[in-house]
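Welcome! Please take a moment to look over the structure below, and then let us walk through it together.

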2 protein chains.
Amino acid sequence: MRDRSTSVKGQSEPPAIDERLDNVLFNVWLVSRATNGLLDRALRPAGLDGDEFALYSLLLAGDGATPSDLARWMAAPPTTVSSYVKRLERRGHAEREANADDRRSYRLRLTEAGQAAHAEAAALFLPALAAVRAGLGRDEGAVTDALHAVRQSLYAAGDP
Amino acid sequence: MRDRSTSVKGQSEPPAIDERLDNVLFNVWLVSRATNGLLDRALRPAGLDGDEFALYSLLLAGDGATPSDLARWMAAPPTTVSSYVKRLERRGHAEREANADDRRSYRLRLTEAGQAAHAEAAALFLPALAAVRAGLGRDEGAVTDALHAVRQSLYAAGDP
DNA sequence: CCCAGTTGGTGCGACTTCGTACTATACTGT
DNA sequence: ACAGTATAGTACGAAGTCGCACCAACTGGG
């Protein structure tokens, strides 16, 4: 896994990490920033950013979701979720379905248009994912395990 | 590494990932959101959020940095960096030092007050980091390697 | 030299995030 | 039945993000 120093082409290298900062959380921050940057640029032509694409994917994979569900997935406060909901509705990409069991809540679902938007974004997302996977090569499984482990630890460490 | 299912106490578990979404980029997104949430909450008493703490740490570890440097580290557009600079200056946490070699640019450095703020935040950050590391146990090295690998791949995949 | 093109940063404005309050509905024990 | 409390979501406003347009300073070919 280590020392895959095969720098392809003149591709830009990431800045080198000071050893005092080389901890899990700082590395997560670096990866997170770089990933957001990459996805935002890749998806822009489709009119979505990385967060929105994740949201749409979640709504599509599950059978919709309640705002509370989304807040848990995103680790975001409910007010932020409310903004997203409003935005998706304004775009005509999602709609509410009343929940008979709990009338305070509702289930948010992608509309046809929302699914189309997701498909369009996915067509840009998949090549980006493929490129990253290619860069990881045979390490991909280990990386996925590592990310699962970090997520688990974050919750154990007190994510609410 | 896998199946460390020792859920401590009644701690909240993260939602389970649909297998169709279980790819590197989506996992990075989940980890990123959860990490930001954790850090924002942990650091709030010190008046910094996760991004700011990373920024301060970078400025402290390097001997200051130019806005372009920061943009590269953060994978953020220059306008965003400008906002950060203004904010840090407004707080009295950083100041500019003229760069004789390129008079368009400058080097940003933490002031005494900035270092104090960083120290205060670090006192909250370190326990959080320790908790996450504890959760990772002996996997920590593998996780760090994995994060390095992902960062490398992101740049190879076209981070500018 | 010198000027065309590149690079480092910023002002501004549209849009996003999220804390503080608040309402509405659901649970809990008595 | 019914407080009292807990939970789902929202309105609003302050602060943050970043695209567009821009200026200033560097660089390289002629």
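## The surface near DNA strand C

Sorted by class, the residues of the surface near DNA strand C are seven nonpolar, eight polar and seven charged. This is a predicted model, so please read what follows with that in mind.

Which residues come nearest to DNA strand C? Out of 22 residues around this strand, they are Thr79(A), Thr80(A), Thr66(B), Ser68(B) and Ser105(B). Three helices each supply at least two residues of this surface: H4 of chain A, and both helix H3 (67–74) and H4 of chain B. H4(A) has the largest share, with five residues.

## The surface near DNA strand D

Now turn to the other strand in this tour. DNA strand D is surrounded by 22 residues, and the closest of them are Ser68(A), Pro78(A), Ser105(A), Thr79(B) and Thr80(B). By class, the surface near DNA strand D holds seven nonpolar, eight polar and seven charged residues.

Here, helix H3 (67–74) and helix H4 (78–90) come from chain A and helix H4 (78–91) from chain B, each with at least two residues of the surface. Which helix gives the most to the surface near DNA strand D? That is H4(B), with five residues.

## Where the two chains meet

Let us leave the DNA and look at the protein chains. In chain B, 65 residues are in contact with 66 residues of chain A. On the side of chain B that touches chain A, at least two residues each come from helix H1 (24–43), helix H2 (50–61), H3, helix H5 (112–136) and helix H6 (140–156). H6(B) gives the most to this side, with 16 residues. By class, the side of chain B that touches chain A has 37 nonpolar, 16 polar and 12 charged residues.

## How the copies are related

In general, two copies of a chain are related by a rotation about an axis and a shift along it. In this model, a turn of 180° and a shift of 0.0 Å along the axis lay chain B on chain A, with an RMSD of 0.0 Å. The two copies are therefore related as by a two-fold rotation axis.

To find the axis from chain B, look for Ser32(B): of the residues of chain B, Ser32(B) comes closest to the axis, with its C-alpha at 2.7 Å. The same surface serves both copies, as 98% of the contact residues of chain B recur in chain A.

## The nonpolar core and helix H1(B)

The largest nonpolar core has 88 residues, and Val150(A) and Val150(B) have the most contacts inside it. Leaving aside residues up to four places away in sequence, Val150(B) touches Val31(A) and Val143(A) as well as Val24(B) and Val28(B).

H1(B) is mostly covered, with 16 of its 20 residues buried. From its first C-alpha to its last, H1(B) reaches 28 Å, close to the 28 Å expected at 1.5 Å a residue.

## A closer look at Leu124(A)

Our last stop is a single residue. Leu124(A) lies in helix H5 (residues 112–136) of chain A. Is Leu124(A) buried or partly exposed? Leu124(A) is partly exposed because 17 other C-beta atoms lie within 10 Å.

Residues up to four places away in sequence aside, Leu124(A) touches Ala42(A), Leu43(A), Pro45(A) and Ala46(A). Take Pro45(A): Leu124(A) and Pro45(A) are 79 residues apart in sequence, and their C-alpha atoms are 8.4 Å apart in space.

Methods: Residues are numbered from 1 along each chain as its sequence is written. Chains are lettered from A and ligands numbered from 1 in the order in which they are written. This is a predicted model: local features need pLDDT of at least 70, side-chain atom pairs count only at pLDDT 80 or more; totals for chains, interfaces and linings use all residues. A residue is near a molecule or strand if its C-beta atom, placed from the backbone, lies within 6 Å of it. Helices (H or I, at least four residues) and strands (E, at least two) are DSSP runs, numbered from the N terminus. Ala, Val, Leu, Ile, Met, Phe, Trp, Tyr, Cys and Pro count as nonpolar, Asp, Glu, Lys and Arg as charged, and the others, Gly among them, as polar. Two residues are in contact if their C-beta atoms, placed from the backbone, lie within 7 Å. Copies are superposed by least squares on the C-alpha atoms of residues with pLDDT of at least 70 in both. A residue is buried if 20 or more other C-beta atoms lie within 10 Å of its own, exposed if 12 or fewer, and partly exposed in between; C-beta atoms are placed from the backbone. A nonpolar core is a set of buried Ala, Val, Leu, Ile, Met, Phe, Trp, Tyr and Cys residues joined through C-beta atoms within 7 Å. The expected span of a helix is 1.5 Å times one less than its number of residues.
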